[in-house]
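Me: I have a new structure open and want a quick tour. Can you walk me through it, piece by piece?

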Amino acid sequence: MIALPLHSIGRVWTAGAGDRLDELELVEQALLSARATSKRRDEFVAGRLAARDALESFHAAQSGTRQAPFAVLAETGERQGCPQVVDEGLRALPIHVSISHCDSLAIAAAASVPLGIDLVRIEPQPAGFADEAFEPRELASWAVALDLDLDHPEVLAHAFAAKEALVKWIGRGFGLATREVTTIPEAAIEREGDVQAVVVGEWPGQRRRFVIRRWREAELLVVLAFAI
């Protein structure tokens, strides 16, 4: 088993989270559009609160205290959409964070190295989704690794969560088409519990190995990715 970098996880339920907007730093509050729907408001606030919890836990593991001012901003340029952690003076900090939300849960991870996290529901997808999002060899490799039929919902859920986690690690979430990024497991993956696996990630001009941590939260699938 590959030792994962030190990291912390934060979780916040999205229902009613928008009412906690004033708990965010002012620079974070300014990122939310005044025209945001209540659903978007709940998801935005829950994600930032989950990130704050993850950052405070990570800071505590390193320094022994949770109290530290953090804000999570969205970078621009090539890394558009990739969260950036800053201090109260808006100075970038050497801490990385990744955020995801699905259904009623927001989850975030923090570490001193780049990472990506994704949260998905295991369920059948509309016809054509697999063809649009994956190369045939990609889903086939996940089916073999999980020892499941190719059309099993867990296959697509694992492949999609791993792909999204990798896209977040790359930091170009709004600049890469889904089929431009592939993840291929190197070996069999246990279907239950908190487990690790190695996957090969490929995107234009790049090929790199990643270790993923896979577990479940509130009946949702979570995939956390670090580069090896």
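Reply: Let's start with a helix. Helix α5 covers residues 153-170 and has 18 residues. From its first C-alpha to its last it reaches 26 Å, close to the 26 Å expected at 1.5 Å a residue. The expected span of a helix is 1.5 Å times one less than its number of residues. Helices (H or I, at least four residues) and strands (E, at least two) are DSSP runs, numbered from the N terminus.

Me: What kind of model is this, and how are residues numbered?

Reply: This is a predicted model, with residues numbered from 1 along each chain as its sequence is written. Local features need pLDDT of at least 70, side-chain atom pairs count only at pLDDT 80 or more, totals for chains, interfaces and linings use all residues, and side-chain values use heavy atoms, with hydrogens and water left out.

Me: Back to α5. How many of its residues are buried?

Reply: 14 of the 18, so α5 is largely enclosed by the rest of the structure. Buried means under 20% relative accessible area, exposed over 50%, and partly exposed in between (1.4 Å probe, protein chains only).

Me: What comes just after α5?

Reply: Gly171, with a positive phi of about 85°.

Me: Which sheet does α5 pack on, and what is the strand order?

Reply: First the sheet. It is open, with 5 strands in the order β6-β10-β9-β8-β7, and the pairing is antiparallel. Two strands pair if DSSP finds at least two bridges between them.

Me: Which strands stand at the edges?

Reply: β6 (116-121) and β7. Each has a single partner strand, so one side of each is left without a neighbour in the sheet. Neighbouring strands here are turned by 35° against each other on average, direction ignored. Axes are lines fitted to C-alpha atoms, for helices over the stretch in contact, and angles run from 0 to 180 degrees between N-to-C directions.

Me: How many bridges join β6 and β10?

Reply: 6, in the antiparallel sense, with β10 spanning residues 220-227. Leu119 has Val222 in β10 as its bridge partner.

Me: And the helices on this sheet?

Reply: α5 packs on it, touching β6, β7, β8, β9 and β10. The direction of α5 makes about 150° with that of β6. Helix α4 (residues 136-146) lies across β7, β8 and β9, running at about 30° to β7. Contact means heavy atoms within 4.5 Å.

Me: What about the sheet with β1?

Reply: That open sheet has 3 strands in the order β1-β5-β4, with antiparallel pairing. Its edge strands are β1 (7-13) and β4 (96-102), and each pairs on one side only. The twist averages 15° from one strand to the next.

Me: How many bridges join β4 to β5?

Reply: 7, and the two strands run antiparallel, with β5 at residues 105-111. His101 stands opposite Ala106 in β5.

Me: Which helix packs on that sheet?

Reply: Helix α2 (residues 38-63). α2 touches β1, β4 and β5, and its direction makes about 150° with that of β1. α2 has 26 residues and reaches 37 Å from first C-alpha to last, close to the 38 Å expected. Just after α2, Gly64 takes a positive phi of about 90°.

Me: New topic. How many disulfides are there?

Reply: 0, after a search of the whole structure. A disulfide is a pair of cysteine sulfur atoms within 2.5 Å.

Me: Is Cys82 buried or exposed?

Reply: Buried, at 8% relative accessibility. Cys102 is buried too, with a relative accessible area of 15%.

Me: How many salt bridges does the structure hold?

Reply: 15. A salt bridge is a side-chain nitrogen of Lys or Arg within 4 Å of a carboxyl oxygen of Asp or Glu.

Me: Show me a few.

Reply: Arg20 forms one with Glu23, the closest N and O atoms being 2.9 Å apart. Asp87 and Arg91 meet at 3.0 Å, N to O. Asp87 is buried, with a relative accessible area of 15%, whereas Arg91 is exposed at 52%.

Me: Any that link distant parts of the chain?

Reply: Glu186 and Arg209 meet in a salt bridge at 2.9 Å, N to O. Glu186 is in the loop between β7 (182-185) and β8 (195-203), Arg209 is in strand β9 (residues 206-217), and they are 23 residues apart.

Me: Which residues join into one network?

Reply: Glu135, Arg137, Glu202 and Arg207, through salt bridges that share partners.
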